[in-house]
Amino acid sequence: MTAQLMDGKAFAASVREKVAGHVSRLKEENGITPGLAVVLVGEDPASQVYVRSKGKQTVEVGMNSIEHRLDAETPEDKLLALIEELNNDPAVHGILVQLPLPKHLDEDLVINSISPQKDVDGFHISNVGLLGTGQKAMVPCTPLGCLMMLRDYHGSLSGMDAVVIGRSNIVGKPMAMLLLGDSCTVTVAHSRTKDLPDVVRRADIVVAAVGRPEMVPGDWIKDGATVVDVGINRIERDGKNVLVGDVDFASCAERAGAITPVPGGVGPMTIACLLANTVTACCRANGLAEPEGLTA
Ligand code: NDP
């Protein structure tokens with residue numbers, strides 16, 4: 001391996017430390033404790049793990065964690081009423097509805113019922129619009145984490161050629177907007193892109209958010225490029241259940257200048273950025289200065 005490893009675990013710890021410092025200042029100087037409410041509907045095992053982990057890390061940085069667990073059969077009006085209650089609760093600065101929701105619930109309707117100022121996932125249509133027009137928004141956590149790591153490694157991203165593989169609303173599109181905001185020349189690739197290897201070979205920065213195990217081989221990577229692997233895929237290898245990303249780590253690390261591993265790359269940054277967004281939302285709600293380096 002020749003690439004430098006971009007250690008998301010260590011970087012996430014430094015983000016959490018910054019968040020904790022800011023939380024303690026908010027408590028001491030302003031008597032405010034930021035609060036994050038997480039709503040889980042149903043018993044999806046992966047969602048339960050995420051929610052537990054979010055709650056634990058929220059408390060560890062000194063914030064209040066409020067959890068609402070609802071039955072899988074919860075009617076939509078009951079969920080909307082809970083969100084309205086949280087929207088109006090001054091002790092709640094961030095609201096996250098864990099996705100995916102059970103099929104009978106309209107995901108767009110539910111997300112757009114969250115107050116945009118408390119939408120710490122950054123999925124509300126107002127935040128999507130604000131990000132798209134270069135205004136102050138709540139930014140989706142995973143792409144925000146990728147951006148922080150890229151800025152930390154490169155300093156300025158201005159003028160770099162970036163290729164984002166994947167155009168989902170939660171990763172690919174907001175990632176492209178953030179890179180554009182940092183003056184990259186951005187190409188967004190997807191399942192219909194012609195000659196993907198050729199497109200990727202032009203990139204100084206490759207962000208892979210596809211959901212296909214090890215799809216990007218090393219010979220697609222330009223020498224010295226930076227590779228950010230968002231993918232989280234579980235596969236069987238040598239009789240073991242292992243986590244791999246969307247890029248073939250071994251061959252990409254031979255060509256790249258820097259690369260994020262899976263696990264331990266982008267993954268840990270997502271929850272760290274959720275905490276960062278919550279403290280940012282709390283500062284904005286109270287008309288206080290926002291923490292430096294925790295927003296886009
Ligand atoms: P989606 O399934 O919503 O989107 C996948 C995207 O990949 C689509 O735009 C799709 O194109 C594109 N795609 C699929 N196949 C190909 C192909 N052969 N060539 C080029 N593009 C292709 O996934 P998400 O964005 O939600 O997630 C992507 C990955 O990131 C997953 O592995 C997920 O687990 C992971 N993830 C990790 C997070 C973290 O915290 N680290 C957080 C969120 C996601 P099209 O639109 O044309 O169908």
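## A walk between two domains

Domain 1 (31-127) and domain 2 (141-268) both give residues to the lining of the second largest pocket, so this pocket lies between them. That is a handy place to start our tour of what is a predicted model. The two domains come from the domain assignment of the chain, and their C-alpha centres sit 28 Å apart.

Let's stay with this second largest pocket for a moment. The space in it comes to about 410 Å³. Its lining is made up of 20 residues, and those nearest the centre are Gly-122, Phe-123, Val-128, Asn-169 and Ile-170. Three elements give two or more residues to that lining: helix H4 (107-111), helix H5 (125-132) and H7. Of these, H5 gives the most, with five residues. Sort the lining by class and you get eleven nonpolar, six polar and three charged residues.

Now on to the largest pocket. Where does the largest pocket lie? Domain 1 (31-127) and domain 2 (141-268) both give residues to its lining, so the largest pocket lies between them. About 1,300 Å³ of space lies inside it. Its lining takes in 45 residues, and the closest to the centre are Tyr-50, Thr-142, Ile-232, Gly-267 and Thr-270. Helix H2 (45-60), strand E4 (94-97), H6, strand E9 (233-237) and H10 each hand over at least two residues to this lining. By class, the lining has 25 nonpolar, 13 polar and seven charged residues.

Which helix gives the most to the lining of the largest pocket? That would be H2, with seven residues, so H2 deserves a closer look. This helix has 16 residues and reaches 23 Å from its first C-alpha to its last, close to the 22 Å expected at 1.5 Å a residue. Some of H2 is tucked away: its buried residues are Ser-47, Val-51, Lys-54, Gly-55, Gln-57 and Thr-58. Look at the numbers 47, 51, 54 and 58 in that list. An α-helix has 3.6 residues a turn, so residues three or four places apart point the same way. What covers the buried residues of H2 includes H1, strand E2 (35-41), strand E3 (64-70), E4 and H10. After H2 comes Gly-62, with a positive phi near 95°.

Next up is H6, another helix that helps line the largest pocket. At 1.5 Å a residue, the 14 residues of helix H6 (residues 141-154) should span 20 Å, and its end C-alpha atoms are indeed 20 Å apart, which agrees. Is H6 largely enclosed or largely open? Ten of its 14 residues are buried, so H6 is largely enclosed by the rest of the structure. Buried here means under 20% relative accessible area. The buried residues of H6 are Cys-141, Thr-142, Pro-143, Leu-144, Gly-145, Cys-146, Leu-147, Met-148, Met-149 and Leu-150. One of these, Thr-142, is also among the residues closest to the centre of the largest pocket. What do the buried residues of H6 pack against? Their partners are helix H1 (8-30), helix H7 (172-181), strand E7 (205-208), strand E8 (226-229) and helix H10 (266-285). H6 is followed by a glycine too: Gly-155 has a positive phi, near 75°.

Leu-144 of H6 leads us to another kind of space, a cavity. A search of the whole structure finds one cavity of 30 Å³ or more, and the volume of this largest cavity is about 40 Å³. Leu-144 helps line it, together with Ala-137, Met-138, Val-139, Asn-277, Thr-280, Arg-284, Thr-295 and Ala-296. H10 gives the most to this lining, with three residues. By class, the cavity lining has five nonpolar, three polar and one charged residues.

We can finish the tour at a single residue, Glu-254, which lies in helix H9 (residues 249-255). Is Glu-254 buried, exposed or partly exposed? At 46% relative accessibility, Glu-254 counts as partly exposed, because partly exposed covers the range between under 20% and over 50%. Setting aside its neighbours within four places in sequence, Glu-254 is in contact with Met-1 and Thr-2. Glu-254 and Gly-218 are 36 residues apart in sequence, while their C-alpha atoms are 7.1 Å apart in space.

Conventions: Residues are numbered from 1 along each chain as its sequence is written. This is a predicted model: local features need pLDDT of at least 70, side-chain atom pairs count only at pLDDT 80 or more; totals for chains, interfaces and linings use all residues. Side-chain values use heavy atoms; hydrogens and water are left out. Helices (H or I, at least four residues) and strands (E, at least two) are DSSP runs, numbered from the N terminus. The expected span of a helix is 1.5 Å times one less than its number of residues. Buried means under 20% relative accessible area, exposed over 50%, partly exposed in between (1.4 Å probe, protein chains only). Contact means heavy atoms within 4.5 Å. On a 1 Å grid over the protein atoms alone, a cavity is a set of points where a 1.4 Å probe fits but cannot get out, and a pocket is an open set with protein on both sides within 12 Å along at least five of seven lines; lining residues have an atom within 4 Å of a point. Grid points are joined across faces, edges and corners, and a volume is the space filled by probe spheres set on the points. Ala, Val, Leu, Ile, Met, Phe, Trp, Tyr, Cys and Pro count as nonpolar, Asp, Glu, Lys and Arg as charged, and the others, Gly among them, as polar. Domain bounds come from an automatic or database domain assignment.
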